[in-house]
Amino acid sequence: MKKMKHIAAGMLSVLALLLMLPMQALAAGSIDVNRDESLTISFQDGAAALTGVQFDLYLTATVDEYGELTTTDEFAQFQVNIRGENDEAWRTLASTLEGYVLREKLTPADSGATDDQGLAVFPTEGKQLRAGLYLVLGHQISVNSRRYDPAPFMVMLPGLDRENNSWNYDVTVNAKYDTTPIPDENTIDLKVIKVWEDQGHEKDRPKEVVVQLLCDGEVYDTVTLNAENSWRHIWTELEEGCSWTVVEQEVDGYTVVVTQEGNTFIVTNTCVQTSPQPSPSTTPGIPGTPSIPQTGQLWWPVPLLAAVGLLLVVLGLIRRRGCR
């Protein structure tokens, strides 16, 4: 019995020591927001490097030492949720923001093209990258009778080295893309469909919304979607070689997400009163900290929780022996 009590006392001492340690000492550590960041984008078709592909970087949100994101002034005007919960959410966010960036002609934080090895390295000369969440947009390129369309994506600087549980201030990513043969026909048809996610708040839904079709970042056409046209529209005989995107003029009280499936754009509006809120414990131990792309959770609670669990086991054994 005395031995068990000594073990319990020892466990309490260890627990007290863990509680006294700074949280970051048991984690990957806090983010050094003043440290230089770098990003290398690799763009290749198999083993073949694609040269001269331009990529633009847009600082969407800054990040503090604890990983908390704050939307920049330029992107705060768009009613989107920058706190993605998984890879699909980040892809959707990038696709949605792409249209707004092109429509508003926002100035990138940095721009650069791939070299003969298919690598674009940032920052470019005379530039500097801040710690934060970036939207990356690539420009379309045609090579050997094929067209390559880089997919927009979000990247966090710094990223988390999961294997070593440390922050990586020199991030490398492989850019994804869609590739198609350059067709003989020069026209395509595009469709836009409006989807509402506002169950229980249908009365707050606007009677109509305005959607813009962009060609290479320029407004090509503007249409109004409403119940009379079943919240959809089809554009016919559009120039095939143009980079087409769709954006919606902001709707008060709703967030917007734009996704593309083939030649169909789906514009989803979610009422802010019904949209799921980020969990206050998305990142353990730091209330309100969102999940961020290419980073991981801070693991400072793991040793602490393990110690607490072990202590409870020991106390349980002591109690059982004392009852005999």
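## A walk through the predicted model

Ser 145 sits in the loop between strand E9 (141-143) and strand E10 (146-150). The structure you are looking at is a predicted model, and this loop is a good place to begin. Although Ser 145 is not a glycine, its phi is positive, at about 65°. Ser 145 is also exposed, with a relative accessible area of 54%.

Trp 231 makes a useful companion to it. This tryptophan is found in the loop between strand E18 (218-226) and E19, and its phi is positive too, at about 55°, although it is not a glycine. Here the surroundings are of another kind: Trp 231 has 12% relative accessibility and counts as buried, because buried means under 20% relative accessible area.

Why pause over such backbone details? Most residues other than glycine have a negative phi, and most peptide bonds are trans. With that in mind, have a look at two prolines. Phe 122 and Pro 123 are joined by a cis peptide bond with omega about 5°, and Pro 123 belongs to the loop between strand E7 (119-122) and strand E8 (132-138). Another cis peptide bond links Leu 157 to Pro 158, with omega about 0°; Pro 158 lies in the loop between strand E11 (153-157) and strand E12 (159-161).

Now let us move to the interior. The largest nonpolar core has 50 residues, and Leu 135 and Trp 235 touch the most other members. Helix H3 gives the most to this core, with 6 residues. A second, separate core has 21 residues, including Phe 122, which we met at a cis bond, along with Leu 59, Ala 120 and Tyr 148.

Leaving aside neighbours within four places in sequence, the contacts of Trp 235 include Ile 188, Leu 190, Val 211, Leu 213 and Val 246, and also Asp 189 and Asp 221. Thr 96 is in helix H3 (residues 87-104) and is buried, with a relative accessible area of 1%. Not counting residues up to four places away in sequence, Thr 96 touches Val 80, Val 256, Val 257 and Val 258.

Finally, where is the disulfide? Cys 215 and Cys 242 form it, with their sulfur atoms 1.7 Å apart. Cys 215 lies in strand E17 (residues 208-215) and Cys 242 in the loop between strand E19 (232-239) and strand E20 (244-248), so the bond ties together parts that are 27 residues apart in sequence. The link is right-handed, with 125° about the S-S bond, and both Cys 215 and Cys 242 are buried. The count comes to 1 disulfide. Cys 271 is buried as well, with a relative accessible area of 2%.

How values were computed. Residues numbered from 1 in each chain as written. Predicted model: local features only at pLDDT ≥ 70, side-chain atom pairs only at ≥ 80, totals over all residues. Heavy atoms only, no water. Disulfide = S-S within 2.5 Å. Helix = DSSP H or I, 4+ residues; strand = E, 2+ residues; numbered from the N terminus. Buried < 20%, exposed > 50% of the residue type's maximum accessible area, 1.4 Å probe, protein only. Contact = heavy atoms within 4.5 Å. Core = buried A, V, L, I, M, F, W, Y, C linked by side-chain atoms within 4.5 Å.
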